[in-house]
Amino acid sequence: PELLDAIAGEAAPRVGEFSSQGLSMTAWAYAASGRPAPALFDSIAGELAPRVGEFSPQGLSTAAWAFATANHTAPSLLDAVAAQAVARHAELDARCLTATAWSLAVLDMGGNGERGTGGAARFARRFGGWLDSRAAELSHESLCQLHQWRLWRAEERRRSDGLPSAPLLAQAAAAFGATRTRQSEIQSSVGEALAALDTWPEEEVRLPCGYTLDWLPPGGGGSP
């Protein structure tokens, strides 16, 4: 961790020396590591926003994924990435499209225009139509990302425009519902604590939306 912090401290004031791909991969590396580097992400966002036209199709989705995974809001950058995705959607495969859509949903951009009235909103309105023509390309991971985007778009933001076809949404929901999660150490500890209290909740309860509750106390019910 100390080495990552030191590298971030050195890199942040020198982002102008990086290529656009180098900046995107740096953001990806820190997001994947889980190590917070807010100053570095701020610097990368400021440098990348006017340079997104240099990205490859994969570079667009990589940049979006990195900022979403790090939960680092960068409206100008993500709007610019989404605008490029709109302009170049024919170049993006299904994986890049779903990764970009998932990232915008995580950062709550393009739903009702409250955090992105430009590229993100245009992308959200047109994403579903593009994806229908690429349905055969969708991997299990992409289908799961599509389902999560649909929950954000339709359930949280109450928007029906931009959704792909009903059969594709059903396929995505089925893929997400079939995903199995591994029990974490925290979940195990909570289970042991509940057992010590002579409470025997139901474990890994699947909700209609596809997500699971780690533990559901007796008579606790469940949310949609």
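## How α4 and α5 run

In this predicted model, helices α4 and α5 lie roughly antiparallel to each other. Why does that label apply? The two helices pack at an angle of about 150 degrees. Angles over 145 degrees count as roughly antiparallel, and therefore α4 and α5 earn the label.

Helix α4 covers residues 57-69, and helix α5 covers residues 75-87. Their axes are 10 Å apart. The crossing of the pair is left-handed.

## Where the two helices touch

Which residues make the contact between α4 and α5? Helix α4 brings L60, A64 and F67. Helix α5 answers with L77, L78, V81, Q84 and A85. Sorted by type, seven of these residues are nonpolar and one is polar. None is charged.

## The whole chain

Now step back to the full fold. The chain holds ten helices and two strands. Read along the sequence, the ten helices come before the two strands, in the pattern α-α-α-α-α-α-α-α-α-α-β-β.

Contacts often link residues that are well separated in sequence. Take the contacts in the chain with a separation of 6 or more: 69% of them join residues 24 or more positions apart.

## Inside and outside

How much of the chain is buried? Of its 224 residues, 44% count as buried. The chain exposes about 11,200 Å². Carbon and sulfur atoms supply 54% of that exposed area.

Notes:
Residues numbered from 1 in each chain as written. Predicted model: local features only at pLDDT ≥ 70, side-chain atom pairs only at ≥ 80, totals over all residues. Heavy atoms only, no water. Helix = DSSP H or I, 4+ residues; strand = E, 2+ residues; numbered from the N terminus. Buried < 20%, exposed > 50% of the residue type's maximum accessible area, 1.4 Å probe, protein only. Contact = heavy atoms within 4.5 Å. Areas by Shrake-Rupley, 256 points an atom, 1.4 Å probe, with all protein chains shown as cover. Axes fitted to C-alpha atoms, helices over the stretch in contact; angles between N-to-C directions. Parallel < 35°, antiparallel > 145°, perpendicular 65-115°, else oblique. Left-handed = near helix turned anticlockwise from the far one by under 90°. Nonpolar A, V, L, I, M, F, W, Y, C, P; charged D, E, K, R; others polar.
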